[in-house]
Amino acid sequence: MTQNNGLGENITFRTEGLTKNYSSGETVIHALRGVTVSIPKGDLVVLLGPSGSGKSTFLNIIGGLDSPTSGEVYFNKDKLSDYSEQQLTAFRRHNVGFVFQAYNLVPSLTAYENVELVTDIAANPIQPEEALAAVHLGDRARHFPSQLSGGEQQRVAIARAIAKRPEVLLCDEPTGALDSETGIVVLKALQDVNKKFGTTTIIITHNAAIADMADRVIYFGDGQVVDVKVNENPCPPEEISW
Ligand SMILES: Nc1ncnc2c1ncn2[C@@H]1O[C@H](COP(=O)(O)OP(=O)(O)OP(=O)(O)O)[C@@H](O)[C@H]1O
Ligand SMILES: [Mg+2]
């Protein structure tokens with residue numbers, strides 16, 4: 001199964017000519033039309049692009065939630081696009097943390113217990129105290145989701161996502177439901193986690209200003225990557241003008 005991706009050790013994901021078609025009845029939707037792109041290890045990457053341009057489709061495929069119609073996906077040296085369902089499940093379980101717009105916390109469990117759900121089953125977890133401290137919620141561990149603000153709940157979701165020490169953290173509009181001030185605190189948590197644990201982090205957003213905090217910005221348009229920009233000096237989220 002292991003194949004060389006033709007690149008150095010420093011690339012986490014590489015896709016080659018990735019396409020994804022969805023068919024509904026007679027019509028075929030070309031969600032991805034040949035995406036070739038690399039994501040360096042440890043980078044904080046922002047994906048930008050209009051609604052329907054294929055960002056979520058791309059993220060779901062590299063995260064092993066969906067399969068491409070054609071083309072190749074490499075995770076490190078492994079060809080993810082050749083994985084069986086079983087291998088994809090194992091890949092997601094061990095290597096990927098997901099954060100979505102909806103926090104999906106268990107309401108009857110405290111912040112600590114929500115994170116513990118993951119640390120109980122992970123091979124080499126970050127303990128709940130440390131994961132919550134990394135998102136600056138060490139003092140709220142005993143609170144239930146209903147006692148936390150939206151931004152705090154999203155930070156619990158981030159703590160939960162990183163607690164299994166995944167190599168990659170994939171975030172689809174993590175600040176989509178938040179006001180700017182709260183969104184910045186959540187972005188700060190993501191940047192801190194990226195720096196502290198070296199987690200390769202990919203963030204989809206509709207807010208172009210968030211690109212300023214990224215190491216790399218990938219612009220999607222009509223199912224393709226239309227531009228990639230490398231930021232030599234990513235700014236701290238608190239300096240983003242929202
Ligand atoms: N399960 C599906 N079945 C049919 N079409 C789909 C499906 N998922 C996505 N699409 C279509 O594929 C295209 C790309 O969708 P995608 O969700 O990747 O875009 P996006 O860039 O994430 O958009 P947004 O910013 O609105 O979230 C769209 O035209 C969408 O309608
Ligand atoms: Mg989307």
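I will walk through the two sheets of this model, the helix and core that go with them, and the surroundings of ligand 1, bearing in mind throughout that the model is predicted.

Let me begin with the six-stranded sheet, which is open and mixed in its pairing, with its strands in the order β6-β7-β8-β3-β9-β10. Its edges are β6, residues 96-100, and β10, residues 224-230, each of which pairs on one side only. If direction is ignored, neighbouring strands here are turned by 15 degrees against each other on average.

Starting from the β6 edge, β6 pairs with β7, residues 168-172, in the parallel sense and over five bridges, and within that pairing Phe100 has Asp172 of β7 as its bridge partner. Further along the order we come to β3, residues 44-48, which is joined to β8 by four bridges, the two strands running parallel, with Val45 partnered by Ile202 of β8. On β9 there are likewise four bridges to β3, again in the parallel sense, and here Leu48 stands opposite Tyr219.

That same Tyr219 stands opposite Asp227 in β10, and it is between β9 and β10 that we find antiparallel pairing, with six bridges. These two strands form a hairpin with two residues between them, and Asp222 in the turn has a positive phi of about 50 degrees.

I would like to stay with β3 for a moment, and ask which of its residues are buried on each side. On one side they are Leu44, Val46 and Leu48, and on the other Val45 and Leu47, so that both faces of the strand are covered, as one may read alongside the general point that follows. In a regular strand the side chains alternate between the two faces of the sheet.

Lying across this sheet is α1, which crosses β3, β7, β8, residues 200-204, and β9, residues 216-221, and which runs at about 155 degrees to β8.

Turning to the interior, the largest nonpolar core has 61 residues, and Val46 of β3 is among those with the most contacts inside it, together with Val115, Leu132, Ile158, Ala159 and Ile162. For Val115, leaving aside its neighbours within four places in sequence, the contacts are Pro128, Ala131, Leu132, Val156, Ala159, Arg160 and Ala163. As general background, nonpolar side chains in soluble globular proteins tend to be buried together.

The other sheet I want to describe is also open, with four strands in the order β2-β1-β4-β5 and antiparallel pairing. Its edge strands are β2 and β5, the latter being residues 78-79, and each of them pairs on one side only. Between β1 and β2, which run antiparallel, there are eleven bridges, and Ser24 has Thr27 of β2 as its bridge partner.

Ser24 also brings us to the ligand, and to the matter of which residues surround ligand 1. They are Tyr22, Ser24, Ile29, Ala31, Gly49, Ser51, Gly52, Ser53, Gly54, Lys55, Ser56 and Thr57. The elements giving two or more residues to this shell are β1, residues 11-24, β2, residues 27-40, and α1, residues 55-62, and of these α1 gives the most, with three residues. Sorted by class, the shell has three nonpolar, eight polar and one charged residues.

To close, then, α1 is the element I would keep in view, as it both lies across strands of the six-stranded sheet and gives the most residues to the shell around ligand 1.

Technical notes:
Residues are numbered from 1 along each chain as its sequence is written. Chains are lettered from A and ligands numbered from 1 in the order in which they are written. This is a predicted model: local features need pLDDT of at least 70, side-chain atom pairs count only at pLDDT 80 or more; totals for chains, interfaces and linings use all residues. A residue is near a molecule or strand if its C-beta atom, placed from the backbone, lies within 6 Å of it. Ala, Val, Leu, Ile, Met, Phe, Trp, Tyr, Cys and Pro count as nonpolar, Asp, Glu, Lys and Arg as charged, and the others, Gly among them, as polar. Two strands pair if DSSP finds at least two bridges between them. Axes are lines fitted to C-alpha atoms, for helices over the stretch in contact, and angles run from 0 to 180 degrees between N-to-C directions. Two residues are in contact if their C-beta atoms, placed from the backbone, lie within 7 Å. A nonpolar core is a set of buried Ala, Val, Leu, Ile, Met, Phe, Trp, Tyr and Cys residues joined through C-beta atoms within 7 Å. A residue is buried if 20 or more other C-beta atoms lie within 10 Å of its own, exposed if 12 or fewer, and partly exposed in between; C-beta atoms are placed from the backbone.
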